[in-house]
Amino acid sequence: MAKPAKLLVYRHAAMTRLTHWINVLALTLLLMSGLNIFGAHPALYWGQKSTFAHPWVSTTAEQQGDRTVGVTRIGSAQFNTTGVLGYSGKPGAQEAVAFPSWATVPSYRDLADSRHWHFFFAWLFVINGLAYWLVGLVGGHIAKDLLPTGADLKPRNVWHEIVTHAKLQFPKGEAARRYNVLQKGAYLGVVLVLLPLMVLTGLCMSPGFNAATPWLVDFFGGRQSARTIHFLTATGIVGFVLLHLFMVVASGTWNNIRSMITGRYAIVPDKEENAA
Amino acid sequence: MTPTTHRRGWLQAAFAATGALALGACDRITNAPQAIGFLQKAEGLTRRAQRLMVDRKALAREFGAADISSDFKPNGSIDPTDADYVALRDKGFADYRLVVDGLVERPLSLSLADIRALASRTQITRHDCVEGWSSIARWQGARLGPLLDKAGLKKTARYLVFHCGDSLEQTLDGSGQYYESIDLIDAYHPQTILAYAMNDAVLPVAHGAPLRLRVERQLGYKQAKYIMRIEAVDDFAHLGRGKGGYWEDRGYEWYAGI
């Protein structure tokens with residue numbers, strides 16, 4: 001039997017593609033410079049102020065006998081994270097540093113310069129996000145493509161999507177032309193919750209901005225809570241990206257990458273359509 | 001080696017090489033003055049956005065006594081070894097004089113008793129270090145505004161420079177001496193004080209005895225400790241490396257708002 005002919009459909013508008021790749025650049029550099037900034041005080045707290053003896057998360061380098069080890073603490077749990085968190089580097093040049101040099105920008109610890117990187121790409125990220133929102137709301141991308149429909153949200157459909165995703169079976173034919181409910185949920189969650197949360201908690205780091213909007217700091221439970229949520233939200237975005245990349249590979253690497261560059265996405269038509 | 005693992009190995013090597021190249025590029029950008037200067041331009045945008053959104057007279061949040069930190073972290077110099085400072089400290093600051101000069105009508109030389117007699121303010125505020133941590137304390141001190149009126153600022157005065165008694169870096173040319181500067185809007189802000197007491201006790205050496213600046217709504221490095229002299233100037237380009245403060249000279253922002 002001959003392989004069914006593939007049909008190229010126009011899937012991603014230019015604005016979606018442009019803002020996507022700008023976000024890849026901005027979020028990568030924000031994350032890497034952010035990990036460098038975190039290294040200046042690698043501990044997280046809840047509330048308004050730091051309780052130095054009792055952070056809820058911390059990474060340190062500690063002496064154990066004649067060896068130095070990286071120790072990461074989360075609550076009362078303690079992990080040896082030598083080589084990754086707390087203590088890392090090439091053999092002979094290991095140092096006490098929260099995140100390893102390959103994960104940070106610049107690669108060496110420098111709070112002043114990592115802040116320059118962070119705030120530059122924060123602006124790019126915010127401008128890019130506002131443009132995406134504006135065009136997405138006015139042009140209908142968010143309402144048309146991302147908001148789940150009534151049929152999407154029927155428990156039967158949601159369960160069906162969960163099961164087929166778990167089996168790594170992806171929709172074909174007409175169903176492949178649009179996002180499924182799990183995609184919609186994930187993308188909306190990132191666009192409407194995680195990314196805005198990143199900006200708002202980031203603004204709460206500013207003592208100047210705090211004076212203008214003290215209620216925002218209170219909303220997050222204090223300045224140190226806002227810093228913690230900034231870090232947790234970043235972790236959530238990293239988690240999303242890993243899952244996203246996994247699904248890209250699982251559902252056809254080149255087809256997905258092409259669709260995010262040229263907009264054209266290949267689908268396998270339904271049998272009837274193929275026969276016609 | 002099967003073709004698949006060979007290809008995977010090649011892909012991994014290509015990925016690692018691209019990553020290393022990108023990281024190397026980031027470091028090169030960081031070390032190129034023009035490139036980092038371009039990135040730093042965003043800070044100007046941040047400052048202007050903040051000036052637009054935040055009323056310069058807005059007050060910093062004040063807290064209750066229950067919020068005061070029991071572990072306020074001393075940072076920067078915590079026990080200066082500069083000879084002049086050590087001499088003053090060893091006599092309990094009895095010989096200390098705060099000099100107010102530069103572009104003023106009436107230069108002042110004030111003892112601690114003189115300063116304690118000035119109009120004062122007490123406030124419980126949060127100190128936010130650029131490193132990311134926060135501590136809360138009660139500060140009591142002389143309001144800077146009335147003190148400046150006593151000295152009478154000349155019309156040409158635009159900034160106040162705080163010359164400090166500590167060297168954070170030991171250098172031959174004295175460029176390691178701590179200093180800071182603020183503009184007149186911040187100087188006359190009601191919460192801007194020269195603090196001589198912390199949590200109802202005499203200001204400890206680790207926190208800047210005998211006198212430290214509290215200029216709330218800005219990061220910790222702005223809160224100059226061990227203040228010896230306040231100089232009114234029209235420009236601070238001739239001081240240090242010209243950026244208006246010890247940490248500013250080392251790449252941090254002068255407006256210190258985020």
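Two strands are said to pair if DSSP finds at least two bridges between them, and I begin with that rule because the sheet I want to show you in chain B rests on it. Please keep in mind throughout that this is a predicted model.

Let me start with strand 1 of chain B, residues 98-102, which is joined to strand 10 of chain B by 4 bridges, the two strands running parallel. If you look along that pair, you will find V99(B) standing opposite R229(B), which belongs to strand 10. Strand 10 of chain B also has strand 5, residues 159-167, as a partner, and here 6 bridges join the two in an antiparallel arrangement; in this pairing, the bridge partner of V161(B) is E231(B) of strand 10. As a general reminder, strands of a sheet pair through backbone hydrogen bonds, either parallel or antiparallel.

Moving outward, strand 5 of chain B pairs with strand 6 of chain B, again over 6 bridges and in the antiparallel sense, and L160(B) stands opposite I182(B) of strand 6. Putting these pairings together, we have an open sheet of 5 strands in chain B, with the order 2-1-10-5-6 and mixed pairing. Strand 2 (108-110) and strand 6 (177-183) of chain B each have a single partner strand and stand at the edges, so one side of each is left without a neighbour in the sheet. From one strand to the next, the twist averages 15°.

Why can we call strand 10 of chain B largely enclosed by the rest of the structure? The reason is that 5 of the 7 residues of this strand, residues 227-233, are buried, where buried means that 20 or more other C-beta atoms lie within 10 Å of a residue's own.

Let me turn now to chain A and its meeting with chain B, where 32 residues of chain A are in contact with 40 residues of chain B. On the chain A side, helix 2 (111-138), helix 7 (207-212) and helix 9 (223-250) each supply at least two residues, and helix 2 gives the most, with 8 residues. By class, this side of chain A divides into 18 nonpolar, 10 polar and 4 charged residues.

Finally, chain A itself is divided into domain 1, covering 7-42 and 103-271, and domain 2, covering 50-97. The centres of these two domains, taken over C-alpha atoms, are separated by 30 Å, and 4 residues of domain 1 are in contact with 4 residues of domain 2. The domain 1 side of that contact has 1 nonpolar, 2 polar and 1 charged residues.

Methods:
Residues numbered from 1 in each chain as written. Chains lettered and ligands numbered in written order. Predicted model: local features only at pLDDT ≥ 70, side-chain atom pairs only at ≥ 80, totals over all residues. Buried ≥ 20, exposed ≤ 12 C-beta atoms within 10 Å, placed from the backbone. Domains from an automatic or database assignment. Contact = placed C-beta atoms within 7 Å. Nonpolar A, V, L, I, M, F, W, Y, C, P; charged D, E, K, R; others polar. Axes fitted to C-alpha atoms, helices over the stretch in contact; angles between N-to-C directions.
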